[in-house]
Amino acid sequence: MIAKIGKPGADTRGVLKYLYDTVRAKHHTDPHLVASFDGFAPDPGRQEAATLTELAAVLDLRVKQAGSRAPDKYVWHCSVRAAPEDRILSDDEWAVIARRVLNATGIAPAGDPDACRWVAVRHADDHIHIVATKVRGDLTPPRNWNDYLRADKELAAIEKEYRLRQVVRGDRTAAKRPTRAEQEKARRTGHARAPRERLRTTVRTALTAATNTEEFFQILTGTGVLVDIQHFPSGDVRGYKVALASDTNKDGQPVWFSGSTLAPDLSYPKITERLTGAPAPARPQTGRSRPAWQQLTDATDRIPDLLDRSEDGAAQAHITVLAETLDALPLIAPAHLQPHLAQAAAAFERANRSRIRARTEQAQATRRAVKAIVREPAPKDSAALAILLDAVLLAVIAARHWHQSRQHDQQAEAARQTAEHLQTAYQQAAAQPMALIVQRGQSLALRVQQRQVTVLRAVLPELADQILAEPGWPALAATLADTHRAGHDPAALLTEAATRRELDTATSISDVLVWRIRRTLNLPTTDSPAEGDRPAPPPAPSTRPTNGAARRR
């Protein structure tokens with residue numbers, strides 16, 4: 001159930017005329033009152049002698065009495081709408097809901113004889129309109145500050161009591177949605193998204209790649225976006241505006257959007273805070289150092305554990321840098337994966353912000369790796385992106401649980417949508433490298449296959465039958481054989497992989513275990529085929545390497 005409170009007006013009859021209109025507004029059927037301030041207000045929908053002018057005069061009585069003391073905009077208009085799947089409420093039920101909303105907002109507190117005058121009009125099955133005039137019986141204005149949040153809180157309670165759909169509610173940290181005019185203009189010009197949304201994506205992506213504000217503006221300009229940097233008299237940057245060259249007003253001038261109107265965290269002060277002291281991108285791989293792709297995968301893999309044991313400010317920082325990772329993925333992924341990854345990044349944009357202030361210094365290592373991958377060539381191993389996407393998917397699921405535990409309803413829902421898009425991208429990215437590993441697993445000697453089945457049943461007895469029936473089981477068998485050949489304990493690695501991933505949300509458990517084990521040991525996808533059932537040599541008892549260890553190296 002959703003409330004929508006319009007801007008105050010000064011034409012009571014005009015509002016009533018719209019609510020009772022059935023000619024121009026053909027979707028209005030049987031308009032009538034379900035409740036009023038005293039229960040005796042004239043109803044033009046039920047009483048033949050009653051008129052809109054008469055009803056407006058009754059509502060405006062105290063406005064006339066207050067004279068110059070009445071506010072210029074005195075008409076309060078609130079619509080309350082049920083969800084499409086909710087049952088049809090009766091007039092009596094809507095009357096109770098109207099009174100509860102009026103009481104919660106302060107327009108008409110229960111039991112107050114001087115409360116504002118109001119009526120509740122119903123002209124459809126699924127919603128009502130409440131119209132009130134904001135002058136009390138003592139000719140003072142009502143105390144209806146923050147009325148929307150109060151109404152929304154009351155409707156949340158009503159949903160539970162009436163067993164209606166419980167709507168996901170926000171915390172006023174969401175980015176501003178495109179207006180209806182912006183959406184219609186986008187459709188007329190053949191765009192699926194409004195300029196505000198396209199600019200938001202561009203600015204966010206540029207921020208992900210930049211290491212300082214100067215580079216941020218350079219990247220923005222390089223994308224073809226119009227950038228207007230505003231300065232104080234001292235010469236310091238005060239803010240910025242962006243526009244699309246193709247988006248103009250009636251005078252042919254660009255339609256500008258400041259960063260703060262795109263999203264709360266894209267204002268210039270917020271951008272400066274994020275980029276001040278931002279780490280330089282990770283240096284190119286030298287010697288035995290891990291490349292940026294692996295560094296980012298490792299850092300992302302740690303996010304679920306960090307969310308569990310970090311205080312809220314640090315946890316929010318890790319979620320913020322996870323959003324930056326999602327913003328970077330469309331830039332580095334193959335073209336066929338970019339649409340799904342862009343949708344995932346757009347969805348997680350809502351999960352990125354909450355009322356909890358992020359301690360940005362807590363996630364600098366991950367941020368450094370994010371900024372590096374957009375500057376490094378893609379790795380030759382085709383599985384690297386699939387492994388990274390698997391880690392990102394796990395982190396997004398963990399972020400959803402973190403938001404759910406703090407009643408961040410909109411953020412949790414956004415994370416759920418993000419996971420769906422990521423799952424699709426992951427399946428496409430993993431198809432080719434997984435097929436190679438499956439092929440290797442199918443060529444294993446029978447004794448080696450049986451050995452891996454024994455390991456699986458010993459470690460995961462409850463899931464073994466399900467995993468053995470999955471198409472990805474040969475890949476897991478090959479992976480376990482690879483770990484054995486490399487001198488590791490397959491059972492220990494399988495146990496660790498299973499405990500670090502909630503397997504009940506996995507589409508394919510075997511795929512999840514494959515990527516987690518290969519990520520842990522940095523096993524290449526194109527490893528040589530397993531050599532029969534050759535046992536791995538035992539680990540050296542001393543620091544001096546044995547001949548077997550030397551051969552392994």
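The following questions and answers concern the fold of one predicted chain.

The model is predicted: local features need pLDDT of at least 70, side-chain atom pairs count only at pLDDT 80 or more, and totals for chains, interfaces and linings use all residues. Residues are numbered from 1 along each chain as its sequence is written, and side-chain values use heavy atoms, with hydrogens and water left out.

Student: How many helices and strands are in the chain?
Tutor: Helices (H or I, at least four residues) and strands (E, at least two) are DSSP runs, numbered from the N terminus. On that basis the chain has 22 helices and eight strands.

Student: Why is the chain described as more spread out than a compact globule?
Tutor: The globule rule is 2.2 Å times the number of residues to the power 0.38, and the radius of gyration is taken over C-alpha atoms. For 553 residues the rule gives 24 Å; the chain is well over that, so it is more spread out than a compact globule, with a radius of gyration of 31 Å.

Student: What share of the 553 residues counts as buried?
Tutor: Buried means under 20% relative accessible area (1.4 Å probe, protein chains only). By this cut-off the share is 49%.

Student: Which helix gives the most to the largest nonpolar core?
Tutor: A nonpolar core is a set of buried Ala, Val, Leu, Ile, Met, Phe, Trp, Tyr and Cys residues joined through side-chain atoms within 4.5 Å. The largest has 74 residues, and Phe348 and Trp515 have the most contacts inside it. The helix that gives the most, with 15 residues, spans residues 383–405: H15.

Terms used. Buried means under 20% relative accessible area, exposed over 50%, partly exposed in between (1.4 Å probe, protein chains only).
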